[in-house]
Amino acid sequence: MANRYLLGFDVGSSSVKASLVNADTGKCAATAFYPESEAPIIAVKAGWAEQDPQMWWDNAKLSLKKIMAESGVTADEIAAIGISYQMHGLVCVDKDYKALRPSIIWCDSRAVPYGERAFVDLGAERCLGHLLNSPGNFTAAKLAWVRENEPHIYERIHKIMLPGDYLALRLSGQANTTVSGLSEGMFWDFREGRVADFLMDYYGFDSSLISDIVPTFSIQSRVSAAAAAETGLKEGTPITYRAGDQPNNALSLNVFNPGEIASTAGTSGVVYGVLGDVNYDPKSRVNTFAHVNHTAEQTRLGVLLCINGTGILNAWVRRTVAPEGISYADMNDLTVSVPIGSEGITVIPFGNGAERVLENREIGCSVSGINFNKHGKAHIVRAAQEGIVFSFCYGMEVMQQMGMDIRKIHAGRANMFLSPLFRDTLAGVSGATIELYDTDGSVGAAKGAGIGAGIYKDNNEAFATLDKLQVIEPDEAHCNEYLEAYARWKETLEKQIKQ
């Protein structure tokens, strides 16, 4: 039997990554990303962040060209294409499917007042009950900004789309989207099971701006003759999967069912859990979207907790507190002599802007409990990592209040999850088993394409070959010490919130 390969793209804000996965062995045959230095973000004003959609397309082609050359795979051998993408971005195209302006991407904050105004005018109960979130700074609010500030652009918009929708458009010449994508843009009404007409009407949006809706796993479109000529792909190759980066990261870690958790801990940290019932946090401290396997018949929601001050705090400690020139591994070794709880030092890690889990408060980072006669650098290094973990657990309590039973955390072995201290503390406080895997977003998108094309019967078959690198069980012998340290941290945090 001829080899079958799955192609996955991951459209990030720093690069576009492409991977080829052998559909039968499940192994990655080649991977590449462009640009090799970080992609530019246009910031015309403070708080703005834009990227040219053409850049994503160009970088996708360059990544594809490299993996095809390195692997020796032919276009005929590619059975399906999947796409992962940076969430919440707004792409506006005209009737010829040309981008009318740069994309307003996820980290652009100009639309915050538009979302906040809608939340007040429409009411918290209506927004949370139907959208499961505040309109916030999501795609719908970004479009409201364009409508008010760039009417000459707005009147020419034929369709709006997310970054992944745009890449699929360039590949196929067809404009479509998914329920998962609409939910991340605040365009989906979960109570009614349709486009959120009440929010569309509030903002004055015409329903024709929304593209046709296709299932997340399905033959959504096929590579067009024009795209085949431009990319070297075979005309007719199906595009069979699409999802935002966080739902796709969960998919990459085989997180599909209620109670399963995916986590990342880079500069910022994310805990993404699956919920089996329609629910929301009444204080909107976490975001809730349709997960990749959410359907009208099966409720699967992705509850997303984001902590801004994660790896960025650890990096700050390395630069300014730890001995000069020390590595992250050496930092971990430095803390071995310090007991759980850092002998009374508490670090509140919220020094990277307002935190949604704190109801958008910006309380900063603080260190308390230092005793000049007892504490040294090793204590602060350990307390910082403990503080990061405790912030995760604080947010996970919100998820548990929504009905999520957190027993297992899936993560890639990267960033903060390389730290034994971080892993052991997270397992110790949460009581959850941590499983570390070798995967990434573009490989996950390729596997998703295999599910959508029917090559795999389900997610378990798709991820049967997922490499489990390590399992960390909660240390029951030290459970009380972890919980006491967390309780002290939480008491310190709550005092600061009340100030």
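Is Ser 342 buried or exposed? Select Ser 342 to begin: at 0% relative accessibility, this serine counts as buried. As you look around, keep in mind that this is a predicted model.

**Two backbone oddities, and a third**

Stay on Ser 342 for a moment. The residue belongs to the loop between helix 12 (328-334) and strand 19 (346-350). Turn on the backbone and you will find a positive phi of about 55°, although Ser 342 is not a glycine.

Next, select Glu 359, in the loop between strand 19 and strand 20 (364-368). Here too phi is positive, near 60°, in a residue other than glycine. Glu 359 is partly exposed, with a relative accessible area of 39%.

Now go to Tyr 34 and Pro 35, where the peptide bond is cis, with omega near -5°. Pro 35 lies in the loop between strand 3 and strand 4.

**Aromatic pairs**

It is time to show the rings. Searching the whole structure gives 15 aromatic pairs. One of them is Trp 48 with Trp 145, an edge-to-face pair at 5.3 Å centre to centre, with 80° between the planes. These two come from distant parts of the chain, 97 residues apart: Trp 48 sits in the loop between strand 3 (28-34) and strand 4 (50-51), and Trp 145 in helix 4 (residues 139-149). Both tryptophans are buried.

Then pick Phe 138 and Phe 289, also an edge-to-face pair, with 6.0 Å between centres and 90° between planes. Phe 138 is in the loop between helix 3 (124-131) and helix 4, while Phe 289 is in strand 17 (residues 287-290), so the pair ties together parts that lie 151 residues apart in sequence. Phe 138 and Phe 289 are both buried.

**Arginines over rings**

Return to Trp 145 and add Arg 110, which lies over the face of this ring, 4.5 Å from its centre. For another such arrangement, select Arg 318 and Tyr 328: the arginine lies over the tyrosine's face, at 4.6 Å from the ring centre.

**Two crossing helices**

Show helix 13 (residues 377-401) and helix 17 (residues 479-498) as ribbons. They pack at an angle of about 80°, with their axes 10 Å apart. The two helices are therefore roughly perpendicular to each other. Now add side chains: on helix 13 the contact residues include Gly 387, Phe 390, Tyr 394 and Glu 397, and on helix 17 they include Tyr 486, Trp 489, Lys 490 and Ile 497. By class, the contact has nine nonpolar, two polar and three charged residues.

Some of these side chains also appear in the next selection. Phe 350, Phe 390, Tyr 394, Tyr 486 and Trp 489 form one aromatic cluster.

**Two buried residues and their contacts**

Which residues does Gln 246 touch? Select Gln 246 in helix 10 (residues 245-252). Not counting residues up to four places away in sequence, its contacts are Met 87, Thr 264, Val 270, Tyr 272 and Leu 304. Gln 246 is buried, with a relative accessible area of 16%.

Finish at Ile 472, in strand 23 (residues 467-472). At 6% relative accessibility, Ile 472 counts as buried. Leaving aside neighbours within four places in sequence, Ile 472 is in contact with Arg 423, Asp 424, Ala 427, Ala 432, Thr 433, Ile 434 and Leu 436. For a last distance to draw, join the C-alpha atoms of Ile 472 and Thr 425: they are separated by 10 Å, with these positions 47 residues apart along the chain.

Key:
Residues are numbered from 1 along each chain as its sequence is written. This is a predicted model: local features need pLDDT of at least 70, side-chain atom pairs count only at pLDDT 80 or more; totals for chains, interfaces and linings use all residues. Side-chain values use heavy atoms; hydrogens and water are left out. Rings of Phe, Tyr and Trp (its six-membered ring) pair if their centres lie within 6.5 Å; planes under 30 degrees apart count as stacked, over 60 as edge-to-face and the rest as tilted. Helices (H or I, at least four residues) and strands (E, at least two) are DSSP runs, numbered from the N terminus. Buried means under 20% relative accessible area, exposed over 50%, partly exposed in between (1.4 Å probe, protein chains only). A charge sits over a ring if NZ of Lys or CZ of Arg is within 6 Å of the ring centre and within 35 degrees of the ring normal. Axes are lines fitted to C-alpha atoms, for helices over the stretch in contact, and angles run from 0 to 180 degrees between N-to-C directions. Angles under 35 degrees count as roughly parallel, over 145 as roughly antiparallel, 65 to 115 as roughly perpendicular and the rest as oblique. Contact means heavy atoms within 4.5 Å. Ala, Val, Leu, Ile, Met, Phe, Trp, Tyr, Cys and Pro count as nonpolar, Asp, Glu, Lys and Arg as charged, and the others, Gly among them, as polar.
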